[in-house]
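Work through the exercises below with the sequence and the structure open. Each task is followed by a solution in steps.

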Amino acid sequence: MIGLLLLSALLACGAQASTLKTGFGAILASNEGFKLQLRDGKLVSLQSSDGAPLADGYEYSFSLGDEAPGAGEPTARSQEAVREPDGVRVRLSLRSGPLIVDHEFFLPDAQPVLLETLSVRNDGRRPVASIDFGFRRRLGSLSSVPRLAAIPWGRSLMNPRPGYPSYRVEDLVRGLELEPRGVRSWGSEAWAFDGEPAFMVSKLSPNGVEYSVLRIQREKGELRLRFGGAANWVRMPEATGPLAPGASARLAPTRYEFAKGGWKGAFYAYRSRME
């Protein structure tokens, strides 16, 4: 009993604060909520603190006009991770086509959340019509992917099945073969991946309209789900559409967290934070 009380006291005092391990081009940063792994300037994986996989990479796509988005392999310029008084900060600088991308993650000690910020600069000679950055999750078995809920409306602004508070990935994939680019996307203020606890991804956009975009794409016969990051959706965010040569934009932060009570609990958690 004394041991349990001592353990509880240690946890309350912050014994599970954020941690940082580096070496041989690798970075492993974690806190009570998440584990973020990078290697040689690339995001390798995102996991929950207990090791459950959430993403197996990160993609930086862009479009110069009506042509299909360019993805390519981004070139890392620098990476660093620093221990700060209140948490761990990870910084990446990379080039994706004409874009110079400054990418930052912060894992605070006080909260089991992950915060992401992105800044982009067009270093090319043509305007960049749109961007599509986000964590990637390969969809092996659709049945293994939890139901999704758009927050706070209970549906995406352009959900093909209005009125449904949550829906399956199978529903989102349906009709994908009819899309000319093999891509479907949905925007909302936040998304919840159902479970206990629910995994919630939300946009913090107080100064402008910017949505959290969920995207499903079939590439080389493989289904991929993309979430978080930043992406243009119905001409938003205005800051990046289009991005003229030499222009730059700082995008709204993204917050990753877990909420007890499944997707309904995520609704309440989001509403409570906005009040």
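Two strands count as paired if DSSP finds at least two bridges between them. The model used here is predicted.

**Exercise 1. Over how many bridges do strand β1 and strand β2 pair, and in which sense?**

Step 1. Locate the strands: β1 covers residues 19–23 and β2 covers residues 26–30.
Step 2. Count the bridges: there are 5, and the pairing is antiparallel.
Step 3. Check the register with one pair: Leu20 faces Ala29 in β2.
Step 4. Inspect the hairpin of β1 and β2: 2 residues lie between the strands, and Phe24 has a positive phi near 55°.

**Exercise 2. Follow the chain from β2 to β3 and describe the link.**

Step 1. Strand β3 spans residues 34–39, and 5 bridges join β2 to β3 in an antiparallel arrangement.
Step 2. Ala29, the residue opposite Leu20, also stands opposite Leu36 in β3.
Step 3. The hairpin formed by β2 and β3 has 3 residues between the strands.

**Exercise 3. Which strands stand at the edges of the sheet that contains β1, and why is one side of each left without a neighbour?**

Step 1. Write the order: β1-β2-β3-β4-β5, an open sheet of 5 strands with antiparallel pairing.
Step 2. β1 and β5 (53–55) are the edge strands; each has a single partner strand, so one side of each has no neighbour in the sheet.
Step 3. On average, neighbouring strands of this sheet are turned by 20° against each other, direction ignored.
Step 4. For the partner of β5, look at β4 (residues 42–48): the two pair in the antiparallel sense over 2 bridges. Leu46 has Ala55 in β5 as its bridge partner.

**Exercise 4. Analyse the sheet that contains β11 in the same way.**

Step 1. Its 5 strands form an open sheet in the order β6-β11-β17-β16-β13, paired antiparallel.
Step 2. The edges are β6 (57–63) and β13 (183–188); each has a single partner strand, so one side of each lacks a neighbour in the sheet.
Step 3. The average turn between neighbouring strands of this sheet is 30°, direction ignored.
Step 4. Within the sheet, β11 (residues 130–138) and β17 (residues 222–231) pair over 6 bridges. Arg137 is opposite Leu225 in β17.

**Exercise 5. Which strands do the buried residues of α3 pack against?**

Step 1. Helix α3 runs over residues 262–274, 13 residues in total. From first to last C-alpha the helix reaches 19 Å, close to the 18 Å expected.
Step 2. List the buried residues, using under 20% relative accessible area as the cut-off: Gly262, Trp263, Gly265, Ala266, Phe267 and Tyr270.
Step 3. These buried residues pack against β12 (148–151), β14 (190–193), β15 (198–203) and β19 (254–259).

Note on methods: Residues numbered from 1 in each chain as written. Predicted model: local features only at pLDDT ≥ 70, side-chain atom pairs only at ≥ 80, totals over all residues. Heavy atoms only, no water. Helix = DSSP H or I, 4+ residues; strand = E, 2+ residues; numbered from the N terminus. Expected span 1.5 Å × (residues − 1). Buried < 20%, exposed > 50% of the residue type's maximum accessible area, 1.4 Å probe, protein only. Contact = heavy atoms within 4.5 Å. Axes fitted to C-alpha atoms, helices over the stretch in contact; angles between N-to-C directions.
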